[in-house]
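Visitor: I should like to learn how to read the features of a structure of this kind. Please let us take them in turn.

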Amino acid sequence: MKKAKHPAIFWIFLLPVLFAFSLVIVVPFLLGVWYSFTNWSATARLGETLRFIGLENYAKILKDPSFAYSFLLTVVYTIFNMVAINVASFSLAMLVTRSLKGKNVYRAGFFVPNLIGGLILGYVWQFVFNNAVPSIGTALGLASWAQAENLVLGKSVSALIALVIVSTWQYAGYIMVIYVAAIENIPQELIEAAQIDGASPLRRLFAITLPMTRQAFTITLFLTLVNSFKQFDVNVSLTAGGPATMFAGQPILGTQLLALNIYNQGFRSNDMAGGQARAVVFFLVLTLVSIIQVSINKKREIEL
Amino acid sequence: MKQKKSGLVAFEALAVVLFVAFLFPFLIVLVNAAKAPFEITQNPLSFPTEWGKILANIGTIWTSSNVRYGSSFLSSVLITSLSLIFLNLLSSQAAWVLVRTKTKLSSGIFILFVAAMVIPFQIVMFPLLTWFREIANVTGIRLLRSYAGIIVAYIGFGMSQSIFMFHGFIKSIPLELEEAAIIDGCKPWETFYKIIFPILKPIHATVLVLNGIWIWNDYLLPLLVLGKGNRIMTIPLAVSNFAGAYVKQWDLIMTAILMAMIPIVVLFLFAQKYIIKGMVAGSIK
């Protein structure tokens, strides 16, 4: 008897995940893409006939300064965040891979913020920026820090920097442990040989540590890129998108990153179809950028 | 040699400074959770005049109808643990049949799962709500504001990455192990659960840690599926619900935050080694 191509166990073991996958990913994804071409609204039901309106929702996005602003802001935020997190976490990793007495304690301490959700951390830092920082200013004799118009979260630029600070603080410990694992994997002989040859610490960094941890960089750059681009939780609780500012002649929210822009368009402005079209653009950009990033990094790794 | 030693001392000092700076925001939370509102206005950096106030504040949060700490904590535990159990069982068994069945369909399904990892939550969140509501209308099965709905959502959103990790590991397990079991008369499901499943321990740990931290802290999915202030709340929902209702009442918000952080920090103190190892292994896969 010929053996079945797909034995019963194949389907029995796959069925639960296929079910969950279809229920929460495949169907909503396809519905979502379809809705972005229709006049779908919050009150519309699944069975109702939606009117196909072609690219109208997409055309509206192009004319909307708040989306353009959020898009640019997210790009800027992502770049700064990637640089800040990776520089901070690589430096921390270099530090805690030395033979320090308390290195395990330091590692754990740097990692702790990563255990707490971005939403809660955002509230903590809102308090730090709005209450603790002015108070530190007063203690240092810098009265201007305490003035309402000088609050960090009161201006778009400084509030954006605040977002970068908080996400760097939250994420650095996690990225650090990846670098630590990579650095500890470097053969000790290599470093000793370089030391005997009299290579300076800086030269050892560029000639040994950085090239030998290339693979870790592929992972960390990808992780920080994707997570920065999708930032939502800290944005909600730290700035809620504020403060208000002007862009292209229109009042908009000064620190509203893309994920929050999509959310607000759908739920605050009750424009589900518009929010959905934005989400499709978001998805396409994210996919494209991830593919480019991974392929560049893979290429570099092979060249080495 | 002498120079090297003093260098190490400098690095040790730097590490201590950074360590304190990193944990400083948590200290701010702790001291302000033990204050009365006027003390915070006076100086948010000082130590509280009376540490005992922290108990009164905890009592307020414990009984707050916006937080419902006990119930929110239990819901968070229930949602996280059930999602994790299902994710580990279902993803590992799926990964196993996907590795061991070498057909076009099998590899097609695997590629589909892997490709789905790039799908951001934002693109499915609006239709997910409509779709869940519609399922309730047609079948009567409630997925919104229910444990079933949020758990199945976590399985759906977490399975791709989990299957991917199990898949990578199972590929390296020699087939001979299973063949011996089959000759001994094991049924396929027995082969998997008796022979393979125990070997997967390190990957189970990774899948538990990665998904556990994500699910426990997640905000957006519970916000949409469960909603704020409804029957079921998770800890992040409860904190945000409270912060929204008691704007600028920082003494109590800080207490709520402190209470939200304690369980996971305690867990970390006990399982630190496994958690960090799991996170690293998960990122490298």
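Visitor: What should the 22 residues of helix H5 (residues 118–139) of chain A span at 1.5 Å a residue, and how far apart are its end C-alpha atoms?

Guide: This is a predicted model, in which local features need pLDDT of at least 70 and side-chain atom pairs count only at pLDDT 80 or more, while totals for chains, interfaces and linings use all residues. Residues are numbered from 1 along each chain as its sequence is written, and chains are lettered from A and ligands numbered from 1 in the order in which they are written. Helices (H or I, at least four residues) and strands (E, at least two) are DSSP runs, numbered from the N terminus. The expected span of a helix is 1.5 Å times one less than its number of residues. For H5(A) the expected span is 32 Å, and the end C-alpha atoms are 29 Å apart, which agrees.

Visitor: Where does H5(A) bend?

Guide: A bend at a residue is the angle between axes fitted to the seven residues ending there and the seven starting there. In H5(A) the bend is about 35°, at A:Val128. Just after this helix, A:Gly141 takes a positive phi of about 80°.

Visitor: How many residues of H5(A) are buried?

Guide: A residue is buried if 20 or more other C-beta atoms, placed from the backbone, lie within 10 Å of its own, exposed if 12 or fewer, and partly exposed in between. By this count 16 of the 22 residues of H5(A) are buried, and the helix is mostly covered.

Visitor: Which loop holds A:Asn270, and is this residue buried or exposed?

Guide: A:Asn270 is in the loop between helix H11 (258–268) and helix H12 (272–303) of chain A. It has a positive phi of about 50° although it is not a glycine. A:Asn270 counts as exposed because it has 12 C-beta neighbours inside 10 Å.

Visitor: How many residues of chain B are in contact with chain A?

Guide: Two residues are in contact if their C-beta atoms, placed from the backbone, lie within 7 Å. Here 69 residues of chain B are in contact with 71 residues of chain A. H13(B) gives the most to this side of chain B, with 15 residues. Sorted by class, the side has 55 nonpolar residues (Ala, Val, Leu, Ile, Met, Phe, Trp, Tyr, Cys and Pro), two charged (Asp, Glu, Lys and Arg) and 12 polar (the others, Gly among them).
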